[in-house]
Amino acid sequence: MSTATTTTTTTTTTTTNLPHNLKPENLSTSNIPTSQLPQKTILDLLNTKCTTSLHHLKQAHAVVLKSGHFQDHYVAGTLVKCYANSPSSNLDFALKVFHYVPRPNVFVWNLMLKSCLDHNEAFKVVYFYYKMVVANSRPNKFTYPVVFKACTITGADKEGVQVHAHVVKLGLHGDVHIKSAAIQMYASFGLLMEARQFLDDGQECDVICWNAMIDGYLKCEETEAAKELFDSMVDKNIGSYNAMISGLAKCGRFDKARKLFDEMSDKDEITWSSIIDGYIKGGYYKEALEVFNLMQKDKIRPRKFVLSSVLCACANVAALDQGRWIHAYVKRNSMNLDAVLGTALIDMYAKCGRLDMAWEVFENMKVKEVFSWNAMIGGLAMHGQAGDAIELFFKMLRERMRPDKITFVGILSACAHAGMVDRGLEVLNNMKTTFGIEPEVEHYGCVVDLLGRAGFLAEAEKLISTMPIEPNAAVWGALLGACKKHRNIELGERVGKILVEMEPENSGRYALLSNIYANEGRWDDVAKVRKLIKERGIKTNPGISTIDLDGIVHEFKMGDGSHPLVKEIHLMLEKIIDKLKMEGYSPNASQVLFDIEEEEKETALKYHSEKLAIAFGFINTNPGTTIRIVKNLRVCEDCHSATKLISKVFERDIIVRDRVRYHHFKNGKCSCNDFW
Ligand code: ZN
Ligand code: ZN
């Protein structure tokens, strides 16, 4: 469709509904020549202005309108794209402008579809494709990869098959870009045979189609089929390797993925990010950081995507130095701190116990999405700063940011950690009435936790029995934790039994039930739980603490002698404990899971993984340095009181992040106020 056949609509009528400042009569005409500018000048203007600021783009928009070039589809389409890609990245503006394009041609439609996809509005892509067909605009080979991708994302299987029929009808099925997108789509629906037909139908296929098929097999966890196809490929490219590596990692086959990775002589940025991201998604943070260090040595420049995922790893193992390095790298390279990267930084700083730095990043972010607010609120909640979390929530409302369900999980857990019972109940009630968000099981879990921690065990149990959705194990778990804390053995036993049956594979459930018995000295019952664990073949989850030292993550397990410095660590621990005993510390032996002799118990306690990590920290850092530890389970009462005392006796700040919250030990006190 050529631009000459378009429309007679005048510029004036097309702009009547545009924002006030874009109407021609409101424009400053000083610098704008009224004569016709050549199309190329206009396009150059748009392409330079769209990257600077929305304000400049609006000026360029005005020039487009004044010069009459809005009738030119090439210009109008570019304008749509510019709004979508502008620094404030406003899809609504792009849609508005698109709405005024007189009878858009395929070029304009394609840009619109692509803009929607880039803005993660896959449903809109499918919708606009439909509008496009209804408007009798003939899609071309650039249309379909975008539409297939949107169908993939939205899981629109019926629509996807229909769209494929259009492709065949239009005779575009030989196009390899469309083919590879179709393979991806069919594979994502689990229709592997249909996807495979594209490779086997004897028509031209490029390596991208093959790679898409490998990717598809791996997404369906058909690792053998993927491997077979990969091995049979004559001309593999780096993308083939990348598809294998990232797919294998996603299937949890880290050894195979790593082997392939190590074998590759030429790696690109995607190769590195595939393995790093795979490790992170699988919870192998230590390995992810190791590969990231290798990447630095290879002098590969990480892109934002990799940086965000490495920050996630840093957050999870409290590798503050490495996280800080990334922050400095971002600054040094003047990288644009977008919402994703900024939020990753906030999360990292908050989880490494540096709320001050998290605040700084948050305040300096130009674009904040709801997840940025959630990260900051969640960070405050984790550190027990409920007042600040709630204040930030109100600020969020004032700035017309709509809270989502994760925001409320943050607020409710802030209330729980701070023991703000009334406020928490009020928030739960207001969620639906004021914000239209139906409380989900996580929200109820927070409130059960809130009531339980504060000692309202009966109320917590009542909430569980009256909540409109089926309580999950996390909800019961919150109540069980409260029973342990408040020594309600009768309820604890009951809830513990429910939980053990609900999640028979989860060793933590047995441990908590057993601890409840141990607290009461009911060793027979402890033994029964232990027998059950054995009978059912449950693998117990060992407590692991990690500490990051100069970019290397050190891991400690209870009673583990594998660390090269094991002797020094134990010696240091004994020194520490002796000193603590002089200050009146006596190990609380009821915390050990099983009935063993008192003396033995004391030894076992001494070597809980966080104590080993603290001793290691003492050996390797200067006096006065803050020690940061991450533990995969809850901190036990004994370790908690020992660490409090250590922070006072040795004048060290110690930050321990356990599975549920933060403990900032300082001068004999903990930020959790012994409430965890
Ligand atoms: Zn402990
Ligand atoms: Zn604490």
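Two strands pair if DSSP finds at least two bridges between them. With that in mind, here are some close-up views of this predicted model.

**View 1. Strands β5 and β6 pair in an antiparallel arrangement.** Two bridges join β5 to β6, the latter made up of residues 669-670. One bridge is easy to pick out: lysine 666 has lysine 669 in β6 as its partner. The two strands form a hairpin, with two residues between them. Look in the turn for asparagine 667, whose phi is positive, at about 50 degrees.

**View 2. Strands β4 and β5 also form a hairpin.** Here β4 covers residues 654-657 and β5 covers residues 662-666. The strands run antiparallel and are joined by four bridges. Arginine 657 stands opposite tyrosine 662 in β5, and four residues lie between the two strands.

**View 3. Helix α19 packs against helix α20.** Now we move to residues 320-332, which form α19, and residues 339-351, which form α20. Their axes lie 10 Å apart, at an angle of about 150 degrees. Angles over 145 degrees count as roughly antiparallel, so that is how α19 runs relative to α20. The crossing of α19 past α20 is left-handed.

**View 4. Side by side, the residues where α19 and α20 meet.** From α19 come Leu320, Gly323, Arg324, His327 and Val330. Facing them from α20 are Leu341, Leu345, Met348 and Tyr349. Sorted by character, the residues of this contact comprise six nonpolar, two polar and one charged.

Notes: Residues are numbered from 1 along each chain as its sequence is written. Chains are lettered from A and ligands numbered from 1 in the order in which they are written. This is a predicted model: local features need pLDDT of at least 70, side-chain atom pairs count only at pLDDT 80 or more; totals for chains, interfaces and linings use all residues. Side-chain values use heavy atoms; hydrogens and water are left out. Axes are lines fitted to C-alpha atoms, for helices over the stretch in contact, and angles run from 0 to 180 degrees between N-to-C directions. Angles under 35 degrees count as roughly parallel, over 145 as roughly antiparallel, 65 to 115 as roughly perpendicular and the rest as oblique. A crossing is left-handed if the near helix is turned anticlockwise from the far one by less than a right angle, and right-handed if clockwise. Contact means heavy atoms within 4.5 Å. Ala, Val, Leu, Ile, Met, Phe, Trp, Tyr, Cys and Pro count as nonpolar, Asp, Glu, Lys and Arg as charged, and the others, Gly among them, as polar.
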